[in-house]
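Here's a quick tour for anyone opening this structure for the first time. Take a look at the picture, then read on.

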Amino acid sequence: MLLLKYGDEYVGFAHVKIDKDERPGWGFILEFYIAPSKRRWGLGRSFFNYIEDILKAKGVKNIWLIANSSAELFWRSLGFNLTNEIDEETSQNVMTKSANCPSLSEGDFLPM
Ligand SMILES: CC(C)(COP(=O)(O)OP(=O)(O)OC[C@H]1O[C@@H](n2cnc3c(N)ncnc32)[C@H](O)[C@@H]1OP(=O)(O)O)[C@@H](O)C(=O)NCCC(=O)NCCS
C-alpha cells in the first residue's frame, strides 16, 4: 500500500502487488485513488509513473487492473488497453499495459 503526500496532506493511495495468482509475475493494481479536490492536477499520472518505475525495477514487464468504468479514460491515457476480459465479480473491464512497450504516437516514427 502506498500513500501519496502533497504538501502536508495525504491526497491519494494505491494498493499494488506483484500478482501470484491470475497473472503470475505481473504488476497488479488493486486500488488507486486520488482525493476528489485534487483530481485533474496530474497527480494520478505522476503517482502511476512512480509505481510503474518501482515495478519495472523489480523486473515486472506487464501490469493489469480491473478498471472502474469512470477511470477507463485515465488508464487509457497512461497506456493501458482494454482486453476482452471482464471481471466476473465486478463486471468491470480488465485492462493491461506492457511496461516495456510504451504506446507510440505519430511523432515517434521517422520517414525513411
Ligand atoms: C481516476 C483517478 C485516479 C484519476 O486521478 P487524477 O489525479 O485526477 O488523474 P490525472 O490528473 O493525473 O489525469 C491524467 C489524465 O487522465 C485522463 N483523465 C483523468 N481523469 C479523467 C476523467 N474523469 N475523464 C476523462 N479523462 C480523465 C486525462 O487524459 C488526464 O489528462 P488531462 O487532465 O491533461 O486531460 C481519480 O479520478 C480517482 O481517484 N477516481 C476515483 C477512484 C477510481 O476510480 N480509481 C481507479 C480505480 S480502477
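Let's begin at the start of the sheet, where β1 and β2 run antiparallel and are joined by 5 bridges. Keep in mind as you go that this is a predicted model. Overall, the chain has 2 helices and 6 strands, and along the sequence they come in the pattern β-β-β-α-β-α-β-β.

**The opening hairpin**

- β1 and β2 make a hairpin, with 2 residues between the two strands.
- In that turn sits G7, whose phi is positive, at about 65°.
- Look for Y6 as well: the residue standing opposite Y6 in β2 is E9.

**The sheet as a whole**

- The 6 strands form an open sheet, and the order across it is β1-β2-β3-β4-β6-β5.
- Which strands sit at the edges? They are β1 (2–6) and β5 (81–86), each of which pairs on one side only.
- From one strand to the next, the twist averages 30°.
- The pairing in this sheet is mixed. In general, strands of a sheet pair through backbone hydrogen bonds, and they can do so parallel or antiparallel.

**Strand by strand through the middle**

- β2 pairs with β3 in the antiparallel sense, over 7 bridges.
- Two matched positions help you line these strands up: K17 stands opposite F28 in β3, and I18 stands opposite G27 in β3.
- In which sense do β3 and β4 pair, parallel or antiparallel? They pair in the parallel sense, over 3 bridges.
- F28 turns up again here, standing opposite W64 in β4.
- β4 and β6 (residues 93–98) go back to the antiparallel sense, with 6 bridges between them.
- One bridge to look for there is I63, whose partner in β6 is K97.

**A helix across the sheet**

- α1 lies across four strands, namely β1, β2 (9–18), β3 and β4.
- Relative to β2, α1 runs at about 35°.

**The nonpolar core**

- How many residues are in the largest nonpolar core? There are 12: V16, W26, F28, I29, F32, L55, I63, L65, A67, W75, F80 and M95.
- The elements that give two or more residues to this core are β3 (27–34) and β4 (62–67).
- F28 and I63 have both come up already as paired residues, F28 with W64 and I63 with K97; both also belong to this core.
- As a general backdrop, nonpolar side chains in soluble globular proteins tend to be buried together.

**Around the ligand**

- The ligand is surrounded by 18 residues, and the closest of them are R39, G44, R45, L73 and S77.
- Which elements give two or more residues to this shell? They are β3, α1 (43–57), β4 and α2 (72–77).
- By class, the shell is made up of 10 nonpolar, 5 polar and 3 charged residues.
- β3 and β4 are worth a second look, since they appear on this list as well as on the one for the core.

**Loops with something to notice**

- Most residues other than glycine have a negative phi, which makes the next two worth finding.
- R40, in the loop between β3 and α1, has a positive phi near 60° and isn't a glycine.
- Why does R40 count as exposed? It is because R40 has 8 other C-beta atoms within 10 Å, and 12 or fewer is the cut-off for exposed.
- S91 is another non-glycine residue with a positive phi, also near 60°, and it is found in the loop between β5 and β6.
- S91 has 9 C-beta neighbours inside 10 Å, so it counts as exposed.
- T90 lies in the loop between β5 and β6 too, and it counts as exposed because it has 11 C-beta neighbours inside 10 Å.
- T90 and N68 are 22 residues apart in sequence, while their C-alpha atoms are 9.0 Å apart in space.

**The chain in numbers**

- The C-alpha atoms fill a box of roughly 50 × 35 × 30 Å, taken along the principal axes.
- Of the chain's 112 residues, 18% count as buried.
- Among contacts with a separation of 6 or more, 49% come from residues 24 or more positions apart.

Note on methods. Residues are numbered from 1 along each chain as its sequence is written. This is a predicted model: local features need pLDDT of at least 70, side-chain atom pairs count only at pLDDT 80 or more; totals for chains, interfaces and linings use all residues. A nonpolar core is a set of buried Ala, Val, Leu, Ile, Met, Phe, Trp, Tyr and Cys residues joined through C-beta atoms within 7 Å. A residue is buried if 20 or more other C-beta atoms lie within 10 Å of its own, exposed if 12 or fewer, and partly exposed in between; C-beta atoms are placed from the backbone. A residue is near a molecule or strand if its C-beta atom, placed from the backbone, lies within 6 Å of it. Ala, Val, Leu, Ile, Met, Phe, Trp, Tyr, Cys and Pro count as nonpolar, Asp, Glu, Lys and Arg as charged, and the others, Gly among them, as polar. Two strands pair if DSSP finds at least two bridges between them. Axes are lines fitted to C-alpha atoms, for helices over the stretch in contact, and angles run from 0 to 180 degrees between N-to-C directions. Two residues are in contact if their C-beta atoms, placed from the backbone, lie within 7 Å.
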